[in-house]
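The following exercises concern strand pairing, helix packing and backbone geometry. Please examine the sequence and the structure before reading the solutions.

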Amino acid sequence: MQISSIIRRAVAGVAAASMLVAVAACGTSKDNKTAGGEGGGTIEVVASINQWGSVAKDLGGSHVDVTNIMTKTNVEAHDYEPTSQDVAKVGTAKVAVVNGADYDPWASKAASATKATLVTAAETAGIKEGDNPHVWFSAKVRNNTADAITAAYQKADPSHKDDYAKLNKEWHAKEDQLESKIKDASAKTKDVPYAATESVAWYLADDLGMKDATPTGYAQASANESEPTPSDIKAFQDALKGGSIKMLVFNTQEANSTTDQITGAAKSANVPIVELTEQMPKEYTNLLDWMSALVDQFAKA
């Protein structure tokens, strides 16, 4: 990880904590809207990224009011610096859903300083800082996080416990359909060697039974948020030209001159390219729908 990135994250975390103290000093009164079952209103929920916000909404239905802080594909959660408005939203939430694994440390710090019930997606599957943080691509994490969110709702609003259980069952039925599609697609993708410009979709590729063949030097540079060396880039291009890589996964959210060289080599070698983004694109309002569309892309590539 680059030093500049570490500094940005540390500053964002300190800023979030400082702003939260300031917001709290202005008053913490709650109206019926934030009181959940106690006041007959809705539970105020805040999600750091819209992927998890969509799950939170599906699981809460009309009983929750979900606010997503990050909703655009041109902003990276890694380096996001929260505004005072963002922190205020966290400060008034009854339930906070964050990604964890050092993906959105600003949100984790802000939520931990409140009385909100905190759901950290990565932690539900034992994924920690230093591991691949793009956990919404993982079927296991999606399932575990959904159950953790439901438990948080039932704690905050016990009078609607049965409603939340019903919504949880309905959500899992949709997730089961997605996993059935993944299983069917794996008939084509199992053991297929692929490489990626960034490891954002590693968990989905793993669920599809694929083999990560990204050249080691390039993969390590990407994981450390550093620039790959010319020899790393050449090794990647040579692997594509040599035929050992059968699919390239390209994060268009992080396109640059280096990825231009990689995608150019893939096109020259007729290696199929699956394009995706790190954040959920605006044309999707539901995480499972987005995952389903990506599975189709992998199966057709």
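Two strands pair if DSSP finds at least two bridges between them. The model examined here is a predicted one.

**Exercise 1.** Determine in which sense β5 and β7 pair, and over how many bridges.

*Solution.* Step 1: locate strand β5 at residues 193-196 and strand β7 at residues 247-251. Step 2: the two strands pair in the parallel sense over 3 bridges, and the definition asks for at least two. Step 3: as an example of a bridge, Y194 has M247 in β7 as its partner.

**Exercise 2.** Establish the order of the strands in the open sheet and identify its edge strands.

*Solution.* Step 1: the sheet is formed by 4 strands in the order β6-β5-β7-β8, with parallel pairing. Step 2: β6 (211-212) and β8 each pair on one side only, and are the edge strands. Step 3: between β7 and β8, the parallel pairing extends over 4 bridges. Within this pair, V249 stands opposite V274 in β8. Step 4: the chain passes from β7 to β8 by way of helix α10 (residues 257-268), and this β-α-β crossover is right-handed.

**Exercise 3.** Which side chains of β8 are buried, and how are they arranged along the strand?

*Solution.* Step 1: recall that in a regular strand the side chains alternate between the two faces of the sheet. Step 2: apply this to β8, residues 273-276. V274 and L276 point to one face and are buried, whereas I273 and E275 point to the other and are not. The cut-off for burial is a relative accessible area under 20%.

**Exercise 4.** Explain why the buried residues of α3 line one face of the helix.

*Solution.* Step 1: in α3 (residues 84-91), the residues D86, V87 and V90 are buried. Step 2: viewed down the axis of α3, these buried residues fall within an arc of 95 degrees, so they line one face of the helix. Step 3: the general background is that an α-helix has 3.6 residues a turn, so residues three or four places apart point the same way.

**Exercise 5.** Describe the backbone phi of D102 and of N270, and place each residue in its loop.

*Solution.* Step 1: D102 is not a glycine, yet has a positive phi of about 65 degrees. This residue lies in the loop between β3 (95-98) and α4 (105-112). Step 2: N270, also not a glycine, has a positive phi of about 60 degrees. N270 belongs to the loop between α10 and β8. Step 3: the relative accessible area of N270 is 68%, so this residue is exposed, the cut-off being over 50%.

Key. Residues are numbered from 1 along each chain as its sequence is written. This is a predicted model: local features need pLDDT of at least 70, side-chain atom pairs count only at pLDDT 80 or more; totals for chains, interfaces and linings use all residues. Side-chain values use heavy atoms; hydrogens and water are left out. Buried means under 20% relative accessible area, exposed over 50%, partly exposed in between (1.4 Å probe, protein chains only). The arc is that of the directions from the helix axis to the C-beta atoms. A crossover is right-handed if, with the strands pointing away from the viewer, the path from the first strand over the helix to the second runs clockwise.
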